[in-house]
Amino acid sequence: MNGIRCFELMEDLPPGGTAKAVLLRWNGVRYIRSKEAIEVRDFVNVHGNRGDRGYGIQSAESGYWEALAGLFQQVPTFHGI
């Protein structure tokens, strides 16, 4: 398990889909692209467009890189209020 990591989408990530991405690394000033290519999966409707940056984790359960947050802002929907 690598813990939570920053990534940048190399292609659009559709809701519930997958996309190629690259992990980012901290160079002491800002996050820059690494050479570590991954495939990000959206299980929680955190979709995004190519070039968007977000946070993900490699799940110990599924083994997949899963998007957590940081792409399109998630707006809560309240029913009955």
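Hi everyone, let me start from the outside: this protein exposes about 5500 Å², and carbon and sulfur atoms supply 51% of that area. The areas come from the Shrake-Rupley method with a 1.4 Å probe, and for residues only the protein chains shown count as cover.

A word on the source. What you have in front of you is a predicted model, in which local features need pLDDT of at least 70, side-chain atom pairs count only at pLDDT 80 or more, and totals for chains, interfaces and linings use all residues. Residues are numbered from 1 along each chain as its sequence is written, and side-chain values use heavy atoms, with hydrogens and water left out.

On confidence, then. The mean pLDDT of the protein is 86, and 85% of its residues reach 70 or more; pLDDT is the predictor's confidence in each residue, from 0 to 100. Among the elements, β2 has the highest mean at 96 and β5 the lowest at 90. As a general caution, where pLDDT is low, the predicted coordinates should not be read in detail.

Now the fold. There are five strands and zero helices, and along the sequence the pattern reads β-β-β-β-β. Strands here are DSSP runs of E, at least two residues long, and helices are runs of H or I of at least four residues, numbered from the N terminus.

How do the strands go together? We call two strands paired if DSSP finds at least two bridges between them. β2 and β3 run antiparallel and are joined by eight bridges, with W26 standing opposite Y31 in β3. These strands form a hairpin with four residues between them, and G28 in the turn has a positive phi of about 100°. β1 pairs with β4 in the antiparallel sense over five bridges, and three bridges join β1 to β2, again antiparallel. In that second pairing, L9 stands opposite A21 in β2. β3 and β5, by contrast, pair in the parallel sense over two bridges, and here V40 stands opposite W65 in β5.

Let's go inside. Of the 81 residues, 31% count as buried, where buried means under 20% relative accessible area, exposed over 50%, and partly exposed in between, with a 1.4 Å probe and protein chains only. β1 is mostly covered, with five of its six residues buried.

Which residues make up the largest nonpolar core? Twelve do: F7, L9, L13, A19, A21, L23, I38, V40, V46, W65, A67 and L71. The elements giving two or more residues to this core are β1 (4-9), β2 (18-26), β3 (31-41) and β5 (65-69), and the largest share, three residues, comes from β2. By nonpolar core I mean a set of buried Ala, Val, Leu, Ile, Met, Phe, Trp, Tyr and Cys residues joined through side-chain atoms within 4.5 Å.

Two alanines of that core are good places to stop. A21 touches F7, E8, L9, M10, E36, A37, I38 and V40, leaving out residues up to four places away in sequence; contact means heavy atoms within 4.5 Å. A67 is in strand β5 and is buried, at a relative accessible area of 3%. With the same sequence neighbours left out, residues up to four places away, A67 touches F7, L13, V40, R41, V44, V46, Y55 and G56. The C-alpha atoms of A67 and I4 are separated by 9.7 Å, though these residues lie 63 apart along the chain.

My next stop is E8. Is E8 buried or exposed? It is buried, because its relative accessible area is 6%. E8 lies in strand β1 and stands opposite R53 in β4. What does its side chain reach? The E8 side chain makes a polar contact with the side chain of R33 at 2.7 Å, and another with the side chain of R53 at 3.1 Å. A polar contact is a pair of N or O atoms within 3.5 Å; within protein, one must be able to donate a hydrogen and the other to accept it, and residues adjacent in sequence count only if both atoms are side-chain atoms.

Last, please find N45, in the loop between β3 and β4 (53-58). Its phi is near 60°, a positive value in a residue other than glycine. N45 is partly exposed, with a relative accessible area of 38%. Thanks for listening!
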